[in-house]
Amino acid sequence: MAKNIKTRKDDYAQWYLDVIKAAQLADNSPVRGCMVVRPEGYAIWEAIQRDLDRRFKETGHINAYFPLLIPQSFLAKEAQHVEGFAMECALVTHTRLQKNPNGSGIQVDPSSKLEEPYVIRPTSETIIGHMYSQWIQSYRDLPVLINQWANVMRWEMRPRLFLRTSEFLWQEGHTAHETADEAQEETMRMLDVYASFVQETLAIPVVKGKKSEAEKFPGAVDTYTIEAMMQDGKALQAGTSHYLGQNFAKAFDIKFLGRDQKQNHVYTTSWGVSTRLIGAMIMAHSDDEGLVLPPNVAPIVVAIVPIFKSDEERATVTGFINQMLTQLVGADEVAAGDKRKSGDDIKSYFFDKQTNQRIVVDLRDTRPGDKQYHWEQRGVPFRIEVGPRDVASNAFVLKRRLDRSKNVGNLSQVSADWLRAQLADVHRAMFDKARAFRDDNIRTAKSYDEMKQILQEKGGFVRAYFEPSMDVEKRVKDETKATVRCIPFDQPSQAGTDIVTGQATKTQVLFAQAY
């Protein structure tokens, strides 16, 4: 058991922070509620970006960028929107600083006060809506399918690295359509894109469903979500897709000349995921030894650890490793990797240049156990250990991070396809493990008392008949800390009894405590 990481059983919240610290993914910043994403953490975000960006473009979307600062009056144009974000907004009220007249430090220049304050972007529906009203004139201009990779700012009172920070990185898609059906189809398409990505790339199973009125995005007609279960049984909203109807189109006068030669308002959508996905990945897969990375987002897929005691053994072992590398990445890449500067004697070779995934050889002058510990806490999917005895047998030891299992392999079997197959096996095993955990922790409650007991004693998701109501949901949240995570798409054919009100209903929901 890792000495620098609390166990999940003893202190789950501290375990999560310890895993991040041990893997050097992020740090708290001097600005309360904000984080510094370290290179190891940012490489994971880049992998997420690459995969999602490809999926967006395959569905016809293009990237653009909109301003960080939004006129305060823009938020006021959509009543529900401003009400939903007002308490989280950060404002810019002046344009410059000046020296303090008493000579100590600096202060705001009172003469530089803005006529209208700017809101630091909490989300971009308003500024993008304004621009769409300038760009869209005719049905021939539709659909508009734009995505933005950006940062946003929402003051967070109880920050937690990756999960809840005042500033975070995300993507936000914003589309405009000629008809309601087209916009609704887009909303569901992007929800499916998110679900596929989270399951196929992050190996996290999700439940797709619709948010209740109490939980939907401010200003949306409908919000759809993918909900994931963490190892402590709590839910995490992994992505959302919003059907906005004509709400923002009317607020920002986004009109077009229709095929009927009449002026019509467009129908819009928005959808987004953020660095919160990194937190979900950590909580879904990591263990008491540290980070466990899904292979598809692991910046380093294999760490090779040579074991030797003398210069002669070093030469023998490294020669064997060079042959292994040649079979994995090719002679040209081995030569290129050997020339790359490495200040700490860790050689790096590209296994896949499209994804920037690498294989490293740890030649540092430290104990093999220290090296093994180092790569284990960073979640590298595989570790290969080679010593003089292994070389004599034309063999190596392959250790799998997921379950810490080890197998002896032969050099003759090593190839790029062999490694890809090993990585694919790990992904399947991670997904199956997470899905089994989730399915074992979805329980059905036939009464409110039974649901409260489940939440208190076991946690997880509770499926129950319930007719969503803002007042009743508030009561449930106050009494149990659980919310309606979603109204799952797979609804029963038979009606039932609402567990709180006792009324007849055809609707089942998933309740859970959530991050």
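**Exercise 1. The enclosed space**

Task: Work out how big the largest cavity of this predicted model is, which residues line it, and which element gives the most to that lining.

Solution.
Step 1. The largest cavity has a volume of about 70 Å³, and the structure holds one cavity of 30 Å³ or more.
Step 2. Now look at the wall. Its lining is made up of Glu125, Ile128, Gly129, Tyr132, His174, Thr175, Leu244, Phe248, Ile254, Thr268 and Thr269.
Step 3. Assign these residues to elements. Helix H5 (125-135), strand S10 (167-177) and strand S16 (267-274) are the elements that give two or more residues to the lining. H5 gives the most, with four residues.
Step 4. Sort the lining of the largest cavity by class: five residues are nonpolar, five are polar and one is charged.

**Exercise 2. The second largest pocket**

Task: Find how much space lies in the second largest pocket, and say which domains its lining draws on.

Solution.
Step 1. The second largest pocket holds about 1200 Å³ of space. It is lined by 47 residues, and those closest to its centre are Ala298, Pro299, Ile300, Asn356 and Gln357.
Step 2. Go through the elements. At least two residues of the lining come from each of helix H2 (39-58), S18, strand S19 (357-362), helix H11 (368-377) and helix H13 (416-440). H2 gives the most, with 10 residues.
Step 3. Class by class, the lining of this pocket has 21 nonpolar, 12 polar and 14 charged residues.
Step 4. Turn to the domains. Domain 1 (12-285) and domain 2 (298-423) each supply at least three residues of the lining.

**Exercise 3. Domains**

Task: List the domains of the chain, then describe how domain 1 and domain 3 are placed and how many residues each gives to their contact.

Solution.
Step 1. The domain assignment gives domain 1 (12-285), domain 2 (298-423) and domain 3 (442-512).
Step 2. Taken over C-alpha atoms, the centres of domain 1 and domain 3 are separated by 28 Å.
Step 3. Their contact takes 19 residues from domain 1 and 15 residues from domain 3.

**Exercise 4. The sheet of six strands**

Task: Trace the strand order of the open sheet of six strands, and explain why one side of S18 and of S22 is left without a neighbour.

Solution.
Step 1. Read across the sheet: the order is S18-S19-S17-S20-S21-S22, and the pairing is mixed.
Step 2. Strand S18 (346-352) and strand S22 (406-410) stand at the edges with a single partner strand each, so each has one side without a neighbour in the sheet.
Step 3. From one strand to the next, the twist averages 25°.
Step 4. Follow the pairs. Strand S20 (residues 382-386) and strand S21 (residues 395-400) run antiparallel and are joined by four bridges, with phenylalanine 382 opposite arginine 400 in S21.
Step 5. S21 also pairs with S22 in the antiparallel sense, over five bridges. Here phenylalanine 396 stands opposite glycine 409 in S22.
Step 6. Finish at the turn: S21 and S22 form a hairpin with five residues between them, and arginine 404 in that turn has a positive phi of about 60°.

**Exercise 5. The sheet of 11 strands**

Task: Identify the edge strands of the open sheet of 11 strands and the strands that helix H8 touches.

Solution.
Step 1. The order is S3-S9-S10-S16-S13-S12-S11-S25-S28-S24-S23, again written for a sheet with mixed pairing.
Step 2. Strand S3 (62-63) and strand S23 (442-444) are the edge strands, and each pairs on one side only.
Step 3. Within the sheet, strand S11 (residues 207-210) and strand S12 (residues 222-229) run antiparallel, joined by four bridges. Lysine 208 has isoleucine 226 as its bridge partner in S12.
Step 4. Helix H8 (residues 276-285) packs on this sheet, touching strand S13 (235-245) and S16. The direction of H8 makes about 145° with that of S13.

**Exercise 6. Backbone exceptions**

Task: Locate the cis peptide bond between leucine 142 and proline 143, and a residue with a positive phi in the loop between S9 and S10.

Solution.
Step 1. Start from the background: most residues other than glycine have a negative phi, and most peptide bonds are trans.
Step 2. The bond that joins leucine 142 and proline 143 is cis, with omega about -5°. Proline 143 is found in the loop between H5 and strand S9 (144-153).
Step 3. Phenylalanine 162 is not a glycine, yet has a positive phi of about 70°. The place of phenylalanine 162 is in the loop between S9 and S10.

Key
Residues numbered from 1 in each chain as written. Predicted model: local features only at pLDDT ≥ 70, side-chain atom pairs only at ≥ 80, totals over all residues. Heavy atoms only, no water. 1 Å grid on protein atoms, 1.4 Å probe; cavity = no way out; pocket = protein on both sides within 12 Å on 5 of 7 lines; lining within 4 Å. Points joined across faces, edges and corners; volume = space filled by probe spheres on them. Nonpolar A, V, L, I, M, F, W, Y, C, P; charged D, E, K, R; others polar. Pairing = 2+ DSSP bridges. Axes fitted to C-alpha atoms, helices over the stretch in contact; angles between N-to-C directions. Domains from an automatic or database assignment. Contact = heavy atoms within 4.5 Å.
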